[in-house]
Amino acid sequence: MRTIDTSVLVVGAGPAGLTATALLARSGVPTITVTKYEGTANSPRAHITNQRSGEVFRDLGIEDRVAALATPHHLMGNNVWATSFAGQELARLMTWGAGTDRRADYENASPSRMCNAPQHVLEPVILEAAREAGADIRFSTELIAISQDEDGVLATVRERATGSEYAIRARYVIGADGGRSTVAKELGFAFDGESGLGAAVNVWLEADLTPYTAHRPGTLYWMCRPGNDYWVGSGTFICVKPWTEWVMLFMYDPADGEPDVGEEAMLARARTTIGDPSVDVRVKAVSRWEINHLVAREYRKGRAFLVGDAAHRHPPANGLGSNTSIQDSYNLAWKLAAVVHGQAGPDLLDSYDQERRPVGRQVVDRAMKSVTDMLPISRALGFGPGQSAEEGWASLDELFGDSDTGRRRRAELDDAVELQNHQFNCHGVEMGQRYDSGAVLDDGTPYPPYARDPELYYHPTTHPGAYLPHAWLQHGTERISTLDLAGNGTFSLITGIGGEPWLEAARTMAAEYGIDLPAYSVGARSAHDDVLGEWAARRETADRGCLLVRPDRHIAWRSHDLPDDPEQALRTALDHVLARPAAVRRPA
């Protein structure tokens, strides 16, 4: 059997695998990516694209391409509960930062806007970026066996079209092969949590619902038909393409038997949920899935790493699935590149598990809680097990009636809807990841205290381990974000007026370490002009201080002012963050 050698093998070509592939290819890391599927996703699947993922795409240079194909942020906001599209509206919530009370939070946090990019639309864009960077991506190529030793991994793959098998020898493997990961299974990764907690069906369909949605544009429409109280109602419609293409999602209890998912049954459910028999409906595809609440006990075993659904499996609540997956790869790729290129010690790779596994745990717990937090909506509507449709309608009449009971129940409904902010306006969970690992050098100061709910609200800070805060700057005639001074697969350094010694230290360190280390002066009337004073308000250091920013835009280290020997201070920080023994440092 022939054997091919490479530095990194990526198994899986979903959002996590493709992002890792694109980033590694851009960094010049020899990589082979295999997937058993013939091409990218053939159905919408994941769809919410949050600001952190938008920033990853910005770094890859494809943010505008994604936005051009996605539903824009201003059409995502209305989250509607109703008896049907044509029926009675029951409640509404402005979501994803689209409401007047949250819009400024989202706009101040990032140069990137949320969008609704269904997976079958998003993946080809990331694939294009990977191929433009020279990536080797092999579709219809299935991993059938994998093992590892101290020096690398050995995988056997099969070309599904021909049955031909060959081996791939790699220094490292990234398991991005989803919820039934072969990499995780073959290499003995263990998981905490539970699986099979619920069952659901996705029905991808075409139906022109413009008359019922254009005046209340949104991503999610929750249909709560009297007589059907199971979990989140009779059907949730997810917008794929405004306002003519949808995924109808409904949940069921397997204890009651499996539902009829034939075309006629699905058409009947869709028509009932729409509530207008004149609307033409066409079913494109039907798929089943189950609710899991699982996270890997470790994201790294030897030379193997898990990213995306291979590492964490949870309901789609909060729209965190593909976003967390993309950000896993953003964290891991630069570390692998640094080690492969000899710029960092291998212990740097331990920080991937240290940093991303707590995020995975937070995400699966938050998503599961958000699912259970939907139940108060059903209770507030007065729907109960075994209730007839007539009883359900009577309960709604009482809810919206002029009575003490109606007023009390409406207050309960308001509280139940307010609770949904922890799913649909959960900005802190989306944006607020803070890392504590060997790839961060703490400065001995505490994080600033949270001023508001840390799940609902993002609290930017330059404390080591946090993500670089966004602020708008003027560079010549161009408006750029502070985030644009970081990323691109390199460390960067940001200082202010009087911080010129940091700029010289960065040039020295770049030559000494054989790395790119661009450095920038940011301040009033500096080369990168803080014209609005936003950066001065957010940097948390003196003018002459500095921030060392990692390629994934997290703060590696900071100095609050200019020390006597900035060069040595920066050298110490780089040695620590890169887990770099002095013996591998290159001479100046």
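Student: How many bridges join strand 10 to strand 11?
Tutor: This is a predicted model. Strand 10 covers residues 153–159, and strand 10 and strand 11 run antiparallel. One bridge pair is Thr156 with Ala167 in strand 11. The number of bridges that join strand 10 to strand 11 is 6.

Student: Which residue in the turn between strand 10 and strand 11 has a positive phi?
Tutor: Strand 10 and strand 11 form a hairpin. There are 5 residues between the two strands. The turn residue with a positive phi, about 80°, is Gly163.

Student: Do strand 1 and strand 11 pair in the parallel or the antiparallel sense?
Tutor: Strands of a sheet pair through backbone hydrogen bonds, and either sense can occur. Strand 1 spans residues 3–11 and shares 8 bridges with strand 11. Val10 has Ile174 of strand 11 as its bridge partner. The sense of pairing between strand 1 and strand 11 is parallel.

Student: Which residue of strand 18 stands opposite Ile174?
Tutor: Strand 18 covers residues 304–306. Strand 18 and strand 11 run parallel, joined by 3 bridges. Opposite Ile174 stands Phe305.

Student: Why is strand 11 largely enclosed by the rest of the structure?
Tutor: Buried here means under 20% relative accessible area. Strand 11 has 11 residues, 165–175. It is largely enclosed because the number of its residues that are buried is 8.

Student: What is the strand order in the open sheet of 3 strands?
Tutor: The pairing in this sheet is antiparallel. Strand 3 (48–49) and strand 4 (71–72) are the edge strands, and each pairs on one side only. Strand 4 shares 2 bridges with strand 7, residues 115–116. Pro72 stands opposite Cys115 of strand 7, and the order of the open sheet is 3-7-4.

Student: What radius of gyration does the protein chain have?
Tutor: The C-alpha atoms fill a box of roughly 80 × 65 × 40 Å along the principal axes. For 588 residues, a compact globule would have a radius of gyration near 25 Å. The protein chain agrees with that, at 25 Å.

Student: What share of the residues in the protein chain is buried?
Tutor: The protein chain has 18 helices and 26 strands. It exposes about 22,700 Å², with 48% of that supplied by carbon and sulfur atoms. Of the 588 residues, the buried share is 59%.

Student: How far apart do the centres of the positive and negative side chains lie?
Tutor: The protein chain has 58 positive side chains and 79 negative ones. Each set has its own centre. The distance between the two centres is 2 Å.

Conventions:
Residues numbered from 1 in each chain as written. Predicted model: local features only at pLDDT ≥ 70, side-chain atom pairs only at ≥ 80, totals over all residues. Heavy atoms only, no water. Pairing = 2+ DSSP bridges. Helix = DSSP H or I, 4+ residues; strand = E, 2+ residues; numbered from the N terminus. Rg over C-alpha atoms; globule rule 2.2 N^0.38 Å. Buried < 20%, exposed > 50% of the residue type's maximum accessible area, 1.4 Å probe, protein only. Areas by Shrake-Rupley, 256 points an atom, 1.4 Å probe, with all protein chains shown as cover. Lys, Arg positive; Asp, Glu negative; His and termini not counted. Charge placed at Lys NZ, Arg CZ, Asp CG, Glu CD.
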